[in-house]
Amino acid sequence: MVDVLPVAFRSVLPASTSQERERVSPKPSAVIVLSAGDGTRMKSSLNKALHRIGGRTLVGHAVAAAAGTGATHVAVVVRAQKEQVAEAARVVLPEVVVAEQDDVYGTGRAAECGLLALPDNLTGTVLVTTGDTPLLSSTTLLDLTAHHESTGSAVTVITGILPDATGYGRIVRGPSGDVEAIVEHKQATEEQRRITEFNSGLFAFDAGLLRDALAGLGVNAAAGEKYLTDVVEIAVAQGKRVQGYVLDDLWQTEGVNDKAQLARLGHELNRRTLDTLMREQGAIVIDPATTWVDVDVTVGRDTVIEPGCQLRGATTIGADCVIGPDSTIKDCEIRDGASVIRTHAELAVIGEKATVGPFAYLRPGSELGQGAKIGTYVETKNAQLGAGAKVPHLSYIGDATIGEGTNIGAASVTVNYDGVNKHRTTIGAHCRMGSDNMYVAPVTVGDGAGSGAGAIIRKDVPPGALAISVAPQRNIEGWVVDKRPGTRQAEAAEAAARHTDEASAEGRNDA
């Protein structure tokens, strides 16, 4: 038994390029993701596997890592809130095999249920992972598979080293460095508790061994569960090789057990995501501490992400853009050279060199053409703006089409709802529309038309026409003094009247 692992026993593969890895790394035959637990320590009505970091559920992260290995089969084992967990897995991998764990508890039974859902004649390497280790990567799983197969092992367990491994199962190695046992902390002797190498719960198995061992595995009398770690004992008893694959990146082995850990791992995942954006995609992140980006977001070269931004969902951002500060972008497409400042946008398309904000709200279905502009305090919904079209100020544009080069005056509204149905406004190309216009849909404004300030557009406007809504202005002299006596307004009016009278009198005297 060794309590400090010699360097010679560390299972670390040499670094390689992605092309080399694709060429030399064997793929597992199957990956089984265990996600059947209740997650009671989360103190939540939502199953632990359904909590999110980086825009993806925990089980989604686990399934994505499994799918990234290129395994022939990926299975997820469910029980608590099984329909929701299965659906979350299918969001990432529609063809995932869903296996339901029965009333027999434990990781051993969960793995057995997963294996039973796969073909009976399955051979090769089967990986078993957990649905609550969101930072585990496909690369690590491929490296684990390569090490497992190159050493001819029946079982390989991912392990880590901690100065104090209290609470973890300990890896007991023999003189050769092979694993002889995995001992839970409660059952460990004082000498075994001094071991710093711990069990991560992530394994590679020979498919045949795993199938036979699980079939013969009994339920632990004290706990009423089947333990996956007991497969190690069976393999050792049969004289088969069990290896430990030491992973230096312990974040990949850390599981989520409560909401504090969820936040901690979410923060680390975000740090890694931003690092990838900067190092591999060429983005410029001004303040990583205040920038949150989901794992499926892509950002083009030399795009600047200012402080206080959240990039969510399947957002794609082109090159040479400026995003933020203080913007939340979800499931949007932003093309090269666009600028999006202090904006909330969802399911929108922002064209090349278009500008948005500050303080804009783009709702689903908003589309801006090349060089278009949505300005300050403008809200859009299901609205399409042509190239160079502008809505600069204080407006609501919903269910509308605005042609190229058209300018919409400040404080304009497309009145799209009649109380029962939504209707569409269509404004043609190169129109010059006045401020404070109301477009009572359905209505169409032709190309090259214009409107006066305060116009209420109730009827279609022909191309090149000017639409005005002008009523004669009527001034009621003395109304304020008569109706609001004693107010500051009335005092100001009276003072102005006196000043006018005095000026008139002086003018007469001069004459």
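Helix α2 passes helix α3 in a right-handed crossing. This arrangement belongs to a predicted model, and it offers a convenient point of entry. The two helices, α2 and α3 (residues 82-92), pack at an angle of about 45°, and their axes lie 8 Å apart. That angle makes α2 oblique to α3, because angles that are neither roughly parallel, roughly antiparallel nor roughly perpendicular count as oblique.

A second pair of helices may be read in the same manner. Helix α4 (residues 107-116) packs with helix α7 (residues 207-215) at an angle of about 125°, and 10 Å separates their axes. The helices α4 and α7 are therefore oblique to each other. Their crossing is left-handed, whereas that of α2 and α3 is right-handed.

The next topic is what a record says about the chain. In an unreviewed entry, UniProt places the feature "domain: MobA-like NTP transferase" at residues 31-158. Over this stretch the chain is 34% helix and 22% strand. The C-alpha atoms at the two ends of residues 31-158 are 15 Å apart.

UniProt also carries the annotation "binding site", again from an unreviewed entry, and this annotation covers D132 and N257. These two residues span 126 residues in sequence, yet their C-alpha atoms are no more than 7.9 Å apart, so they gather at one spot. As for its place in the chain, D132 is found in the loop between β6 (125-130) and α5 (138-150).

Attention may now turn to empty space in the model. Rolling a probe the size of a water molecule over the atoms shows where such space is left. The second largest pocket holds about 560 Å³ of space. It is lined by 20 residues, and those closest to its centre are L135, S137, L269, T276 and V295.

Which helices each supply at least two residues of this lining? They are α2 (58-67) and α9 (259-279). Helix α9 gives the most to the lining of the second largest pocket, with six residues. Helix α2, already met through its crossing with α3, thus reappears as a contributor to the lining of this pocket. Sorted by class, the lining comprises nine nonpolar, six polar and five charged residues.

The final topic is the backbone in a later part of the chain. Where is P325 located? It lies in the loop between β18 (322-323) and β19 (328-330), and the peptide bond from G324 to P325 is cis, with omega near 10°. Another cis peptide bond joins G357 and P358, with omega about 5°. P358 is likewise placed in a loop, the one between β24 (355-356) and β25 (360-362).

One further residue deserves attention in this region. D331 has a phi near 50°, which is a positive value in a residue other than glycine. D331 is situated in the loop between β19 and β20 (333-334). Strand β19 therefore serves as a landmark for the reader, because, as a DSSP run numbered from the N terminus, β19 borders both the loop that holds P325 and the loop that holds D331.

Note on methods. Residues are numbered from 1 along each chain as its sequence is written. This is a predicted model: local features need pLDDT of at least 70, side-chain atom pairs count only at pLDDT 80 or more; totals for chains, interfaces and linings use all residues. Side-chain values use heavy atoms; hydrogens and water are left out. On a 1 Å grid over the protein atoms alone, a cavity is a set of points where a 1.4 Å probe fits but cannot get out, and a pocket is an open set with protein on both sides within 12 Å along at least five of seven lines; lining residues have an atom within 4 Å of a point. Grid points are joined across faces, edges and corners, and a volume is the space filled by probe spheres set on the points. Helices (H or I, at least four residues) and strands (E, at least two) are DSSP runs, numbered from the N terminus. Ala, Val, Leu, Ile, Met, Phe, Trp, Tyr, Cys and Pro count as nonpolar, Asp, Glu, Lys and Arg as charged, and the others, Gly among them, as polar. UniProt positions are given in the numbering used here, feature names are shortened, and annotations may be inferred rather than shown by experiment. Axes are lines fitted to C-alpha atoms, for helices over the stretch in contact, and angles run from 0 to 180 degrees between N-to-C directions. Angles under 35 degrees count as roughly parallel, over 145 as roughly antiparallel, 65 to 115 as roughly perpendicular and the rest as oblique. A crossing is left-handed if the near helix is turned anticlockwise from the far one by less than a right angle, and right-handed if clockwise.
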